[in-house]
Amino acid sequence: MRVLVDAKVHDALVEKLVPLVRALPYGNPADPKTVVGPLVTRKAVDGVFAKIERVKAARARMLVGGPAQGRVVPPHLFVDVDPTHALARQEVFRPVLPVMRFRTDDEAMATDTEYGMAGAVFSPDVARAQRFAMGLDAAMTNINDQTRQTDIYGPFGGEKNSGFGRVNGEWIIEEFTRPHWVTQQDIRRAHLF
């Protein structure tokens with residue numbers, strides 16, 4: 001996940017985002033208040049901290065973060081992340097959030113990533129949000145709402161390396177079957193040959 005923010009509202013959004021990320025409860029997954037639990041393996045923890053060190057070395061600023069507690073990685077928030085950095089281009093699936101500033105919609109749309117599962121666009125200008133959403137190379141986009149799982153009637157899947165097509169409802173039929181048209185003539189006809 002990554003957040004692209006219009007430069008006009010970037011600083012104000014980050015100012016509100018920092019305390020929210022800091023307040024995310026993390027730790028024991030048996031505690032119902034926990035939002036961020038442990039990673040499956042120590043190798044996964046080491047991998048995420050390797051990404052964190054690389055993005056810090058690339059001069060991104062860490063505004064929220066901290067050391068692992070066993071296999072629990074506390075939420076991390078970075079700003080000034082270069083859009084070409086791996087953290088901005090890969091699906092990390094860890095509690096690490098890069099926030100990137102953009103000045104024009106075209107700049108924001110020029111995302112050089114091989115993934116495209118889901119996105120969300122927030123804007124008081126709904127027409128702008130719709131144009132932006134239609135230009136995203138993603139399988140699912142929510143306007144003025146969080147990204148989320150779809151229901152069983154909507155298509156779920158990803159673009160590029162984020163999936164193999166769409167599942168749920170009738171979309172799954174198209175993905176996992178191949179049309180094969182078979183005809184049968186029961187009345188004998190005189191053929192020309």
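## Talking through a predicted fold

Biologist: Let's start with L24. Where is the place of L24?

Modeller: Keep in mind that this is a predicted model. In it, L24 falls between two helices rather than in one of them. Its place is the loop between α1 and α2.

Biologist: Is L24 buried, partly exposed or exposed?

Modeller: Buried needs under 20% relative accessible area, and exposed needs over 50%. L24 comes out at 31% relative accessibility, so it counts as partly exposed.

Biologist: Which residues is L24 in contact with, leaving aside neighbours within four places in sequence?

Modeller: One partner is P75, which is 51 residues away in sequence. Even so, the C-alpha atoms of L24 and P75 are 7.3 Å apart in space. With those sequence neighbours left aside, the contacts of L24 are V35 and P75.

Biologist: Now T34. Which backbone oxygen lies 2.6 Å from a polar atom of its side chain?

Modeller: T34 is in the loop between α1 and α2. Leaving aside neighbours within four places in sequence, it is in contact with P25, Y26, G27, N28 and P29. The oxygen at 2.6 Å from a polar atom of the T34 side chain belongs to the backbone of N28.

Biologist: On to the sheet. In what order do the four strands lie?

Modeller: β1 and β4 run parallel and are joined by four bridges. β3 and β4 also pair in the parallel sense, over four bridges, while β2 and β3 run antiparallel with three bridges. That makes an open sheet with mixed pairing, in the order β1-β4-β3-β2.

Biologist: Which are the edge strands there?

Modeller: Look for strands that pair on one side only. From one strand to the next, the twist averages 30°. The edge strands are β1 and β2.

Biologist: Which residue in β4 is the bridge partner of F78?

Modeller: F78 is in β3, where M62 stands opposite it. β4 has bridge partners for other residues too: F102 is the one for D6. For F78, the bridge partner in β4 is P98.

Biologist: Why is β4 largely enclosed by the rest of the structure?

Modeller: β4 is joined to β1 by four bridges, and β4 also pairs with β3. As for burial, the strand has seven residues, and it is largely enclosed because the number of them that are buried is six.

Biologist: Which helix gives the most residues to the largest nonpolar core?

Modeller: In soluble globular proteins, nonpolar side chains tend to be buried together. Here the largest nonpolar core has 16 residues, with V48, F78 and V81 touching the most other members. The elements giving two or more residues are α2, α3 and β4. With six residues, the top contributor is α2.

Biologist: About what angle does that helix make with β3?

Modeller: α2 packs on the sheet and touches β2, β3 and β4. Comparing its direction with that of β3 gives about 25°.

Biologist: What is V48 in contact with, beyond its neighbours within four places in sequence?

Modeller: V48 is one of the residues that touch the most other members of the largest core. Leaving aside those neighbours, its contacts are L39, V73, V92, R94 and V96.

Biologist: Last one: where is confidence lowest in the protein chain?

Modeller: The chain averages a pLDDT of 82, and 75% of the residues score at least 70. Helix α1 has the highest confidence, at 97. The lowest, at a mean of 54, is in strand β9.

Note on methods. Residues are numbered from 1 along each chain as its sequence is written. This is a predicted model: local features need pLDDT of at least 70, side-chain atom pairs count only at pLDDT 80 or more; totals for chains, interfaces and linings use all residues. Side-chain values use heavy atoms; hydrogens and water are left out. A nonpolar core is a set of buried Ala, Val, Leu, Ile, Met, Phe, Trp, Tyr and Cys residues joined through side-chain atoms within 4.5 Å. Buried means under 20% relative accessible area, exposed over 50%, partly exposed in between (1.4 Å probe, protein chains only). Contact means heavy atoms within 4.5 Å. pLDDT is the predictor's confidence in each residue, from 0 to 100. A polar contact is a pair of N or O atoms within 3.5 Å; within protein, one must be able to donate a hydrogen and the other to accept it, and residues adjacent in sequence count only if both atoms are side-chain atoms. Two strands pair if DSSP finds at least two bridges between them. Axes are lines fitted to C-alpha atoms, for helices over the stretch in contact, and angles run from 0 to 180 degrees between N-to-C directions.
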